[in-house]
Structure formats: structure tokens, C-alpha cells
Amino acid sequence: MKYLVLLIVLAVAVGIWRSRRPTTSGATRAAPRAPLLPQDMVACEHCGVHVPRAEALMLGNHAYCSAEHRRQHSA
């Protein structure tokens, strides 16, 4: 019986000890990410929504937010 009580006390002590430890160690800590640079924004010719130039669908000099808007404008 005394071994059971000792085992329970030991399990509680280990649980408390583990909960107070930092969750990440120095070796597994992720490196801070560099902030993203600002992107040029363009307005959709159909609806006017602004999207990043890298994500815009271009048709000549006109930018569109989706393939559907590009298709509607070119028809």
C-alpha cells in the first residue's frame, strides 16, 4: 500500500515538474522569420478589388482578381 502512495506522489511530482518546464528547448526553437516585404497592389478591372500584383491574373495591362472576371471582361 505504501508503494502505491509513493508511486502516486512521484507521478504527481513529475507532472508538476514537466508542466513548469519551457515547452521548447534551445535546439528545437524555430528561428524568427523575416518580415515579408510590401507588395504592389493592383485593382481588378471588373470589380475594383485590390489584389497583390503577384496573385493578379493579367490580360495585357489589365489586372483581374479571378479567372472568371478576366473571362467576362475579354468576352
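**Exercise 1. The nonpolar patch**

Find the residues that form a nonpolar patch on the surface of this predicted model.

*Solution.* Start at Met 1. Met 1 lies in the segment before α1 (2-20). Its relative accessibility is 78%. Exposed means over 50%, so Met 1 counts as exposed. Now add the other members. Leu 4, Leu 7, Ile 8, Val 12 and Ile 16 join Met 1 in the patch. Together these residues have about 640 Å² of accessible area.

**Exercise 2. Counting disulfides**

Work out how many disulfides the model has.

*Solution.* Recall the chemistry first. A disulfide is a covalent bond between the sulfur atoms of two cysteines. The cut-off is a pair of cysteine sulfur atoms within 2.5 Å. By this rule the count is zero. Check Cys 44. The nearest cysteine sulfur belongs to Cys 47 and is 3.8 Å away, so Cys 44 is in no disulfide. Check Cys 65. Its nearest cysteine sulfur is also that of Cys 47, 3.8 Å away, and Cys 65 is in no disulfide.

**Exercise 3. Buried or partly exposed?**

Decide whether Cys 44 and Cys 65 are buried or partly exposed.

*Solution.* Buried means under 20% relative accessible area. Cys 44 has 4%, so Cys 44 is buried. Cys 65 has a relative accessibility of 28%, so Cys 65 counts as partly exposed.

**Exercise 4. The surroundings of His 69**

Place His 69 in its helix, then list its contacts beyond four places in sequence.

*Solution.* His 69 sits in helix α2 (residues 67-74). At 17% relative accessibility, His 69 counts as buried. Leaving aside neighbours within four places in sequence, His 69 is in contact with Cys 44, His 46, Cys 47 and Tyr 64.

How values were computed:
Residues are numbered from 1 along each chain as its sequence is written. This is a predicted model: local features need pLDDT of at least 70, side-chain atom pairs count only at pLDDT 80 or more; totals for chains, interfaces and linings use all residues. Side-chain values use heavy atoms; hydrogens and water are left out. Buried means under 20% relative accessible area, exposed over 50%, partly exposed in between (1.4 Å probe, protein chains only). Patches are made of residues with over 30% relative accessible area and no salt bridge: like charges are joined within 9 Å, nonpolar side chains (Val, Leu, Ile, Met, Phe, Trp, Tyr) within 5 Å. Accessible areas come from the Shrake-Rupley method with a 1.4 Å probe; for residues, only the protein chains shown count as cover. A salt bridge is a side-chain nitrogen of Lys or Arg within 4 Å of a carboxyl oxygen of Asp or Glu. Helices (H or I, at least four residues) and strands (E, at least two) are DSSP runs, numbered from the N terminus. Contact means heavy atoms within 4.5 Å.
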